[in-house]
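Colleague: Would you take me through one part of this model closely, starting with the setting it sits in? I would like to see how the pieces connect, so please take your time.

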Amino acid sequence: AINTGRLTGKISLNYKPTSDVLLYASYSRGFKSGGYDGAIAFNASQLEPYRPETINAYEVGAKTTLFDHRLVLNGAAYYFDYRNEQVLSVVCAATGPVGKFANAPKSQIHGAELEAIWQPVEGLRISQSASYKTGEFKDFLDVDVTACQLTHETVLIDRAGQPIKFPKWSYGGDVSYDWLVGAYDTKEDSGINPQRLLAVDPVTGVPVDGVKDLVTSTFDSTYKEYAGFANATYHVSPRFDLTFGGRWSHNSQSAVQFLDETGLAPLLNIPIVTTNAASSESVFTYSAAPRFTLNDNSNIYARIASGYRPGGPNVVPINAPPGTPTSYKADRLTNYEVGYKGHWGTVSLDLAAFWLDWKDIQLLGLINGIYLNVNGGTAVSRGFEGSFAFRPTEHLTLTANAAYTDAYLTQD
């Protein structure tokens with residue numbers, strides 16, 4: 001069992017030099033509990049829990065409104081100091097590397113965000129946002145995946161000073177005019193550079209000077225997506241309306257892995273390998289939601305909506321057997337829901353029943369001795385939920401929630 005407790009909180013300072021400008025600074029301390037991996041254990045170390053994660057977050061920023069509130073400009077810079085950050089790592093089992101959560105004793109992330117919202121005329125809204133984020137491990141001994149694949153033995157690698165893998169730049173925006181019509185575009189670059197297997201003194205564990213790295217590996221990936229979307233509401237009558245929408249998106253992904261194992265056996269002429277992988281797909285999602293107003297206090301509604309999670313490429317060895325999947329597809333979800341919403345003064349009640357169809361489920365599979373992202377079969381999740389709220393006074397609200405869910409596979 002894991003029993004943990006942490007003190008969290010936030011301190012902030014706000015200053016308004018004018019009625020249209022707000023300057024602020026804040027410090028907060030956060031906490032995420034530890035736990036156990038839910039996967040099947042191939043190694044005793046998988047049964048060990050990962051520890052709680054804490055973060056000290058510092059942020060400064062400004063919020064402004066200009067030109068008679070038609071232009072909003074917001075900006076912020078932040079610095080996150082982590083202790084025992086929970087990261088996805090591996091343990092080395094007899095079959096090779098197996099995924100497991102681990103703790104990086106010390107890591108740091110910093111970045112900045114900008115947002116602009118412009119309303120040049122009534123009903124027209126143009127928004128744009130951009131952000132930059134970077135970070136690195138300050139103290140982290142991790143399992144070397146390459147060494148585990150080659151020898152099936154645990155070799156630790158010092159990742160201190162290495163970057164944390166996530167997109168550095170991201171941006172987006174939309175334009176709306178009565179109906180919501182917009183566009184979205186993003187490009188995300190990430191990488192793990194480099195991973196090194198060093199020759200060390202067996203007694204002291206110190207790297208041996210003058211000896212070439214036994215193995216050097218790098219991995220870089222790029223994700224690009226652009227999309228167009230629209231939403232609209234049609235008022236059929238004063239009591240009945242229909243909201244519908246659609247989104248078309250296209251994404252392309254590429255990954256490059258560089259592997260230099262010449263240091264393992266210089267006389268064997270082991271080739272330096274560069275592996276490229278790519279994928280692309282287009283997806284359309286939609287939603288439709290009729291609503292009927294029973295009276296001033298309640299309405300009934302129905303909703304159907306679809307969603308997806310992008311697929312991507314698999315980086316496989318150049319000598320992988322035929323039939324090894326080099327990519328995996330998007331998995332898709334269709335949600336059907338009916339419900340009731342009502343409020344009477346200090347009392348409110350929400351009820352809903354739902355049915356979720358899930359297909360092409362993304363899984364981590366072992367194919368031809370290689371762990372890859374693959375697509376599974378289909379599943380269903382169905383149930384109902386309800387919430388009740390009572391507000392006897394302005395400062396006191398009592399709530400109760402209940403839900404029932406039945407989920408099961410319909411195809412492996």
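Modeller: Happy to! In what follows, a helix is a DSSP run of H or I with at least four residues, a strand is a run of E with at least two, and both are numbered from the N terminus. On that basis the chain holds one helix and 22 strands. Please keep in mind that this is a predicted model.

First, the setting. Along the principal axes, the C-alpha atoms occupy a box of roughly 85 × 60 × 45 Å. The chain has 412 residues, and 33% of them are buried. If we take contacts between residues at least 6 apart in sequence, 59% of them link residues at least 24 apart.

The part I would pick is strand β12, which covers residues 240–260. What does β12 pair with? One partner is β11, residues 215–237: the two strands run antiparallel and share 21 bridges. A hairpin of two residues takes the chain from β11 to β12. To find one rung of this pairing on your screen, look at Ala230, whose bridge partner in β12 is Gly246.

Now let's look at two residues of β12, beginning with Leu242. Leu242 is partly exposed because its relative accessibility is 28%, which falls between the cut-offs of 20% and 50%. Setting aside neighbours within four places in sequence, Leu242 touches Ala232, Thr233 and Tyr234, and also Ala289 and Pro290. Arg303 gives another reference point: 61 residues separate Leu242 from Arg303 in sequence, while their C-alpha atoms are 9.9 Å apart in space.

The second residue is His250, also in β12. Is His250 buried or exposed? With 18% relative accessibility, His250 counts as buried, since the cut-off for buried is under 20%. Its contacts beyond four places in sequence fall into two runs of numbering: Lys224, Glu225 and Tyr226, then Ser280, Glu281 and Ser282. Two of these residues also offer polar partners to the His250 side chain. The side chain of Ser282 makes a polar contact of 2.7 Å with the side chain of His250, and the backbone oxygen of Glu281 lies 3.2 Å from the His250 side chain.

For a view from elsewhere in the chain, turn to Ser12 in strand β1, residues 9–18. Ser12 and Arg247 are 235 residues apart along the chain, and 39 Å separates their C-alpha atoms. Ser12 is partly exposed because its relative accessible area is 48%. Its contacts, again leaving out neighbours within four places, are Ala25 and Ser26.

Since you work with small molecules, here is a pocket as well. The second largest pocket holds about 380 Å³ of space. Twenty residues line the second largest pocket, and those closest to its centre are Glu48, Lys100, Phe101, Ala102 and Asn103. Strands β4 (71–93), β5 (96–118) and β7 (141–143) are the elements that contribute two or more residues to this lining. Which element gives the largest share of the lining? That is β5, with five residues. By type, the lining of the second largest pocket comprises twelve nonpolar, four polar and four charged residues.

To return to the part we started from: β12 has 21 bridges with the antiparallel β11, and within β12, His250 is buried while Leu242 is partly exposed.

Notes: Residues are numbered from 1 along each chain as its sequence is written. This is a predicted model: local features need pLDDT of at least 70, side-chain atom pairs count only at pLDDT 80 or more; totals for chains, interfaces and linings use all residues. Side-chain values use heavy atoms; hydrogens and water are left out. On a 1 Å grid over the protein atoms alone, a cavity is a set of points where a 1.4 Å probe fits but cannot get out, and a pocket is an open set with protein on both sides within 12 Å along at least five of seven lines; lining residues have an atom within 4 Å of a point. Grid points are joined across faces, edges and corners, and a volume is the space filled by probe spheres set on the points. Ala, Val, Leu, Ile, Met, Phe, Trp, Tyr, Cys and Pro count as nonpolar, Asp, Glu, Lys and Arg as charged, and the others, Gly among them, as polar. Buried means under 20% relative accessible area, exposed over 50%, partly exposed in between (1.4 Å probe, protein chains only). A polar contact is a pair of N or O atoms within 3.5 Å; within protein, one must be able to donate a hydrogen and the other to accept it, and residues adjacent in sequence count only if both atoms are side-chain atoms. Contact means heavy atoms within 4.5 Å. Two strands pair if DSSP finds at least two bridges between them.
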